[in-house]
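Biologist: Thanks for sitting down with me. Could you bring up the model, and we can go through it together?

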Amino acid sequence: MSGITFLTSADLPPGVEGVVRAGGTDLQERLRTANATPHILDLTGIDGYTSVDRDDDGTRIGAGTTIATVARELSDDYPALAATAGALATPQIRAVATIGGNLAQRTRCWYFRHPHTACLKSGGDSCPARGGRHLYGVVFDTSACVHPHPSSIAMALLIHDAEVALAGGQSRSVAEVLGDGVDPTRDNQLGDGELLTAVLLPAPWPDERAAYHRSISRFEAEWPLVEAVCRVRLDDGGRVADCGIGLGGVATVPLRMRAAEDLLRGSTLDDDTIASASAACTQRAEPLPETGYKVPLIEATVREVLERVAADQA
Ligand SMILES: Cc1cc2nc3c(=O)[nH]c(=O)nc-3n(C[C@H](O)[C@H](O)[C@H](O)COP(=O)(O)OP(=O)(O)OC[C@H]3O[C@@H](n4cnc5c(N)ncnc54)[C@H](O)[C@@H]3O)c2cc1C
């Protein structure tokens with residue numbers, strides 16, 4: 001990425017606040033509802049910002065790489081990430097939305113997006129969804145905010161132990177950038193003006209088996225009610241040598257299902273193991289009055305991806 005000058009809000013005239021735009025699929029809607037500053041720094045067109053580069057250590061995806069490119073170009077070596085990318089939103093959105101913008105997108109809670117409602121993320125002092133309508137809300141109630149994190153890509157990157165590179169040269173793990181989701185005022189832990197320049201993936205697993213599934217209230221053009229992604233590497237005896245299970249739509253950050261992963265490691269992917277691992281994903285679920293339906297949906301969604309991985313069907 002040498003030779004590239006990244007603009008940040010610091011490049012705006014004194015006293016003027018700005019926001020960067022990548023594909024604009026989240027930002028434009030927030031501008032329409034007066035939920036973001038009108039001063040925009042457009043990132044599209046920056047030379048080298050959209051390339052995918054591989055070496056022996058892994059793969060570097062420029063933050064401006066579109067979701068469609070991720071789905072298309074990474075399907076052989078990172079099938080879990082590619083399947084997640086290929087299923088989100090619509091073909092039109094995937095063609096312009098970027099991996100950096102996807103990670104940094106703001107919550108899709110209807111109270112946050114409403115121009116005449118204040119919530120904890122828009123300067124208010126309470127969460128109107130908690131006492132109001134929260135049908136699409138969290139099941140793991142760990143924050144004063146009750147709307148799930150919107151990024152499917154972040155969920156997939158968690159199970160790849162991915163990092164992000166930032167303008168200025170530092171890198172941080174995706175888990176660190178997401179944080180624990182407890183602070184109700186934030187969607188991520190990026191600092192003001194902090195710019196993602198790339199996503200960094202460790203080397204792919206040989207013969208990775210992967211599956212992604214979303215339980216959704218309509219065919220497409222909607223966030224999932226619950227989504228799950230799984231990647232597995234089997235040893236020569238057909239036992240799980242390594243695995244990752246990510247869950248989205250259920251908490252203010254995407255979750256990695258470590259307890260379920262521990263159950264899978266060292267086991268064969270038989271019916272009993274799949275049932276126990278799927279059930280483990282609902283441990284500590286604490287649904288809201290309107291989100292109890294998501295508890296069985298979590299178990300069914302995880303079971304779906306595990307069964308597909310067992311059958312080696314993406
Ligand atoms: C109908 C519909 C359905 C959708 N379904 C899903 C879904 O199922 N799963 C899912 O994950 N998403 C979904 N989306 C959201 C969509 O994927 C995001 O809007 C998109 O990924 C954002 O990327 P962008 O490049 O357009 O970002 P922009 O809109 O340009 O930016 C989004 C935010 O990120 C910031 N930003 C952008 N680039 C950077 C950077 N490099 N560094 C730091 N900050 C940056 C911007 O300032 C802005 O605040 C859906 C959207 C729609 C409209």
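Biologist: Which residues are the closest to the ligand?

Modeller: Keep in mind that this is a predicted model. The ligand is surrounded by 32 residues. The closest of these are Ala22, Gly23, Gly100, Gly101 and Ala104.

Biologist: Which element gives the largest share of the shell around the ligand?

Modeller: Three elements give two or more residues to that shell: strand E1 (19-21), helix H5 (99-104) and helix H8 (152-158). The largest share is 4 residues, and it comes from H5.

Biologist: How many residues of the shell around the ligand are nonpolar?

Modeller: Happy to split the shell by class. Charged residues number 4 and polar ones 10. The nonpolar residues number 18.

Biologist: Where does the ligand lie with respect to domain 1 and domain 2?

Modeller: Domain 1 is made of the segments 16-34, 48-120, 128-133 and 152-202, while domain 2 covers 209-310. Both give residues to the shell around the ligand, so the ligand lies between domain 1 and domain 2.

Biologist: What radius of gyration does the protein chain have, and why does it agree with a compact globule?

Modeller: The protein chain has 314 residues, and a compact globule of that length would have a radius of gyration near 20 Å. The value for the chain agrees with this, because it is 19 Å.

Biologist: What share of the contacts comes from residues 24 or more positions apart?

Modeller: Let's consider contacts in the protein chain with a separation of 6 or more. Among these, residues 24 or more positions apart account for 62%.

Key: Residues are numbered from 1 along each chain as its sequence is written. This is a predicted model: local features need pLDDT of at least 70, side-chain atom pairs count only at pLDDT 80 or more; totals for chains, interfaces and linings use all residues. The radius of gyration is taken over C-alpha atoms; the globule rule is 2.2 Å times the number of residues to the power 0.38. Two residues are in contact if their C-beta atoms, placed from the backbone, lie within 7 Å. A residue is near a molecule or strand if its C-beta atom, placed from the backbone, lies within 6 Å of it. Ala, Val, Leu, Ile, Met, Phe, Trp, Tyr, Cys and Pro count as nonpolar, Asp, Glu, Lys and Arg as charged, and the others, Gly among them, as polar. Domain bounds come from an automatic or database domain assignment.
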